[in-house]
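Welcome! Here is a short briefing to help you find your way around a structure you have not met before. Please take a look at it first.

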Amino acid sequence: MTESLTRFELPQSAIPTRWYNIQADLPRPLPVVLHPGTKSPVTPDDLAVLFPPEIINQEVSRERFIEIPEEVREIYKLWRPTPLMRARRLEKALGTTAKIYYKYEGVSPSGSHKANTAIPQAYYNKQAGVVGLTTETGAGQWGTALSQACNFFNLECHVFMVKVSFHQKPYRRAIITSFGANVTASPSDKTESGRAILAQDPDSTGSLGIAISEAVEMAAKSGGKYKYALGSVLNHVLMHQSIIGQEAMLQLDRAGDSPDIIVGCVGGGSNFAGIAVPYLRDKIVHGRKVRVVAVEPAACPTLTRGVYAYDYGDTAGMAPMVKMHTLGAKFIPPPVHAGGLRYHGVGSVISELYDQKLIEAYSVPQLEVFKSAVTFLRAEGIVPAPEAGHAVAQVIREAIRAKEEGTSPVILFNLCGHGHFDMTAYDAYFRGELTDYAYPQAAIEAALAELPEVNI
C-alpha cells in the first residue's frame, strides 16, 4: 500500500509528550560554559540575568527526556504533527535509485521549525513573570516565530534584525511587526554595542553576532523586565526541536522505511539537531548504521573551515563563552541570502558530535543552493527557504551519487521552512545577479587570531 503514498501523516495524539536531550547519551560530556568576564564556569546565577529558571535547568540538564507542558502541546496542535513527504517527483526528475523523504516544517504558522522552541521559551518566561523578550534574527524566521509566541502569551518582543536581512527581506520584517513586535536593524544606535560597531564601520551590514550583542545588552540592562531568547545554538533550543525527528521516526515506520542518510542545513544547529538527534541516539546507544550529514554555506563555513575552541557567542563578548566550531566572534559574513545560516559558530552539541566523528559536514556554494532549490520546487511544488536549500543541494548530491554507484539509499532531510518571503533572492538568482563566495582564508585567520585565551 505504501508504494503509491506520497504523504505520511500522524494524528495529533502522536505529538511527542517529551523532548529528547542528547546530552544524556553523548560518549563524553559537553565542555563547560564559561563566564565571558571571569572565564570561570558559569553558574545558574550568572545565567539568571538572561534566562528564566526552567530554561536554565534545561540548558544544563543531562536528563534523557523532559516533559513538554500541556499548554505548549496545545499550541503545537496548530501545526503538529508536520507531514513527512516522499519526494517521488524529485526522484523521477533526478532519475535516482534513492528514496527521498522530507519532513516539512514550513506548515507552521510562522513558516518554519523555529516555532518549536519559540512557544516553550515564551511559555517559561511568562511563567516566570517576565514582561518581554529580546532577541536577534537573521533571515527573519526566528524573529517571526518568537513574535508569534510572544503574542500568544501577551509578552513584549524586541527583535534586532541583521541589517542586510532587514533590507533584503521586507516582508519577513513586516510579518514580525504584524504580530506586535518591535524590529530594529542591527547594528543600531539603541545599544552601546551597536553604537561601537557603527563608530568603527558606519556602513556595517551586520551579523548575527552583532545582533545577539544588542539583544543581550538590552535584556541585561533591563533590571529583570526583559529576558533574552535565542533561536538556535543553545542546548535547550536544540532539545526542543527533537520533536521533529521523533515524529519522523513514527512516520518512516508507517512508510516501511528506515533512513540510511539524514541531511540538515546548519547555522547554529537547531533544525539539523531536530531531525538528527533522535536517530543519533540509536547510533550512539545501539550502533545504528546511518550517515548524518550537516550542510553549511561556503560563505560561512563554520564546521568545515573553523576551529573547535572557546569563543564568545556574540561580537561584543557579552554572552557566555562556549567551546564550539567557530570562525571567530569578529567574523562578519558576506551578505549571502541564507541569512539564518550566517553565524560565526555552531552549537556545542553539534560541535561535539562533529568532533567525535558522529556526523559529517559539507559546505555548498550559493549558486548550487539556488539551482537545487529550483529543481526541488519545480518537482515538488514547494519553494524552499534559502537555508533549507542547502539541505536540498546535499540531498541532490547524494541522490546523483546513488544513481552513479547503483545503490538505493533511503535519504531523509528536514525542509525546515518555506521561502515565500525570500522571493527577492530567487528573483536575483533568475536575473543572474547572485554569485558564489568562498570566504578568504586570510579573513578567517584574522578573525580566529582574536579568539579569547582560555586555560581549562
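The points below cover the sheets, the helices beside them and the nonpolar cores. Please keep in mind that this is a predicted model. Two open sheets are described here, one with four strands and one with seven.

**The four-stranded sheet**

- This open sheet has its strands in the order 8-7-6-9, and the pairing is parallel.
- At its edges you will find strand 8 (182–186) and strand 9 (226–228), each of which pairs on one side only.
- On average, neighbouring strands here are turned by 25° against each other, with direction ignored.
- Strand 7 (residues 156–162) and strand 8 run parallel and are joined by five bridges.
- To see one pairing up close, look at Phe160, whose bridge partner in strand 8 is Thr184.

**Helices 5 and 6**

- Helix 6 (residues 141–152) lies across strand 6 (132–137) and strand 7, and its direction is at about 165° to strand 6.
- Helix 6 also packs with helix 5 (residues 115–127): the angle is about 35° and the axes are 8 Å apart.
- The crossing of these two helices is right-handed.
- On the helix 5 side, the contact is made by residues including Ala115, Ile119 and Ala122, while helix 6 brings residues including Trp142, Leu146 and Phe152.
- Sorted by type, the residues of this contact are ten nonpolar, three polar and no charged.

**The seven-stranded sheet**

- This open sheet follows the order 1-4-5-15-10-11-14, with mixed pairing.
- Strand 1 (7–8) and strand 14 (360–364) are the edge strands, each pairing on one side only.
- Three bridges link strand 10 (residues 261–265) with strand 15 (residues 410–415), and the two run parallel.
- For an example in this pair, Ile261 has Ile411 of strand 15 as its bridge partner.
- Helix 16 (residues 366–380) lies across strand 4 (84–86), strand 5 (99–104), strand 14 and strand 15, running at about 95° to strand 14.

**The nonpolar cores**

- The largest nonpolar core has 89 residues, and those touching the most other members are Trp19, Tyr76, Tyr228, Ile350, Leu353 and Leu412.
- Helix 13 (residues 270–286) gives the most to this core, contributing seven residues.
- A second core, separate from that one, has 39 residues, among them Ala87, Leu90, Tyr102 and Val364.

Conventions: Residues are numbered from 1 along each chain as its sequence is written. This is a predicted model: local features need pLDDT of at least 70, side-chain atom pairs count only at pLDDT 80 or more; totals for chains, interfaces and linings use all residues. Side-chain values use heavy atoms; hydrogens and water are left out. Two strands pair if DSSP finds at least two bridges between them. Axes are lines fitted to C-alpha atoms, for helices over the stretch in contact, and angles run from 0 to 180 degrees between N-to-C directions. Contact means heavy atoms within 4.5 Å. A nonpolar core is a set of buried Ala, Val, Leu, Ile, Met, Phe, Trp, Tyr and Cys residues joined through side-chain atoms within 4.5 Å. Buried means under 20% relative accessible area, exposed over 50%, partly exposed in between (1.4 Å probe, protein chains only). A crossing is left-handed if the near helix is turned anticlockwise from the far one by less than a right angle, and right-handed if clockwise. Ala, Val, Leu, Ile, Met, Phe, Trp, Tyr, Cys and Pro count as nonpolar, Asp, Glu, Lys and Arg as charged, and the others, Gly among them, as polar.
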